[in-house]
Amino acid sequence: MTDTVLPDTLLPVALMLALVLGGLQAGTYYAWASGVMPGLARVEDRAFVEVMRQVNLAIVNPVFLASFVGAPLAAAAAAFLAEGTARWWAVGGAVLAVATVVVTVARNIPLNDALEARGTGDPAAARAGFEGAWRRWNAARALTSTVSVACLGAAAYLS
């Protein structure tokens, strides 16, 4: 076994893991942007608020959190292990995976928390203060996570 066997083995594993977990994240945000939110736009305010409140509670689970936390960690590991041009693509993928988490924590989660705090007393007001901003920030994280996966794919191709 040479000194490069372990790193040579770790890079493909890190890239594959980063691609799979990042793809799950990108797919989640894409599905919300392309189907779930347009569908919810068609329901009355009380139903919209109640569905969003329930989803916001349900999404905090080990399956989602594994990809949410795992995608940027695996991308960072790939960036650390990659060399040459592949490293820069992996760094880009890692930065965008972290940006996805930052958008979620700084924008989407506070909107979710505000919706929960408002309760169901005035669903029209709650929805008005939530829907547009949440959709915009979800589109941002759909974009960052998708481009992250593309960068990681380029790193995999080049490594």
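These questions and answers go through salt bridges, cores and a pocket in a predicted model.

Reader: How many salt bridges are there by the distance rule?
Author: Side chains of opposite charge can pair when their charged atoms come close. The cut-off here is a Lys or Arg side-chain nitrogen within 4 Å of an Asp or Glu carboxyl oxygen. By this rule the count is four.

Reader: Which residue pairs with arginine 53 at 3.7 Å, N to O?
Author: The partner sits three residues away in helix H2 (residues 45–58), so about one helical turn separates the two. The two side chains meet in a salt bridge. The partner is glutamate 50.

Reader: Is arginine 53 buried or exposed?
Author: Buried means under 20% relative accessible area. Arginine 53 has 16% relative accessibility. Glutamate 50, at 31%, is partly exposed. Arginine 53 therefore counts as buried.

Reader: What is the distance between the closest N and O atoms of glutamate 116 and arginine 53?
Author: These two residues form a salt bridge. The pair links distant parts of the chain, with glutamate 116 in helix H4 and arginine 53 in helix H2, 63 residues apart. Glutamate 116 is partly exposed at 33% relative accessibility. The closest N and O atoms of glutamate 116 and arginine 53 are 2.9 Å apart.

Reader: Which residues are joined into one network by salt bridges that share partners?
Author: Start with glutamate 131 and arginine 127, whose side chains meet in a salt bridge at 2.8 Å, N to O. Both of these residues are buried. Shared partners join three residues into one network: Asp45, Arg127 and Glu131.

Reader: Where is threonine 100, and is threonine 100 buried or exposed?
Author: Threonine 100 is found in helix H4 (residues 84–118). Leaving out residues up to four places away in sequence, threonine 100 touches Tyr29, Arg141, Thr144 and Ser145. Its relative accessibility is 4%, so threonine 100 counts as buried.

Reader: Which residues touch the most other members of the largest nonpolar core?
Author: In soluble globular proteins, nonpolar side chains tend to be buried together. The largest nonpolar core here has 15 residues. Helix H1 (5–40), helix H3 (62–81), H4 and helix H6 (131–158) each supply at least two of them. The members that touch the most others are Leu15 and Ala75.

Reader: Which residues are in contact with alanine 75, leaving aside neighbours within four places in sequence?
Author: Alanine 75 belongs to the largest nonpolar core. Its contacts outside that sequence window are Ala18, Ala90, Gly93, Ala94, Ala97 and Leu152.

Reader: How many residues are in the second, separate core?
Author: Among its members are Met37, Leu111, Leu115 and Ala126. This second core is separate, and the number of its residues is eleven.

Reader: Which element gives the most to the lining of the largest pocket?
Author: The pocket holds about 400 Å³ of space. H1, H2, H3, H4 and H6 each give two or more residues to its lining. One of them gives six residues, the most: H4.

Reader: How many residues of the lining of the largest pocket are nonpolar?
Author: The lining has 22 residues, and Asn56, Ile59, Val60, Ile109 and Asn112 lie nearest the centre of the pocket. Six lining residues are polar and four are charged. The nonpolar ones number twelve.

Methods
Residues are numbered from 1 along each chain as its sequence is written. This is a predicted model: local features need pLDDT of at least 70, side-chain atom pairs count only at pLDDT 80 or more; totals for chains, interfaces and linings use all residues. Side-chain values use heavy atoms; hydrogens and water are left out. Helices (H or I, at least four residues) and strands (E, at least two) are DSSP runs, numbered from the N terminus. Buried means under 20% relative accessible area, exposed over 50%, partly exposed in between (1.4 Å probe, protein chains only). Contact means heavy atoms within 4.5 Å. A nonpolar core is a set of buried Ala, Val, Leu, Ile, Met, Phe, Trp, Tyr and Cys residues joined through side-chain atoms within 4.5 Å. On a 1 Å grid over the protein atoms alone, a cavity is a set of points where a 1.4 Å probe fits but cannot get out, and a pocket is an open set with protein on both sides within 12 Å along at least five of seven lines; lining residues have an atom within 4 Å of a point. Grid points are joined across faces, edges and corners, and a volume is the space filled by probe spheres set on the points. Ala, Val, Leu, Ile, Met, Phe, Trp, Tyr, Cys and Pro count as nonpolar, Asp, Glu, Lys and Arg as charged, and the others, Gly among them, as polar.
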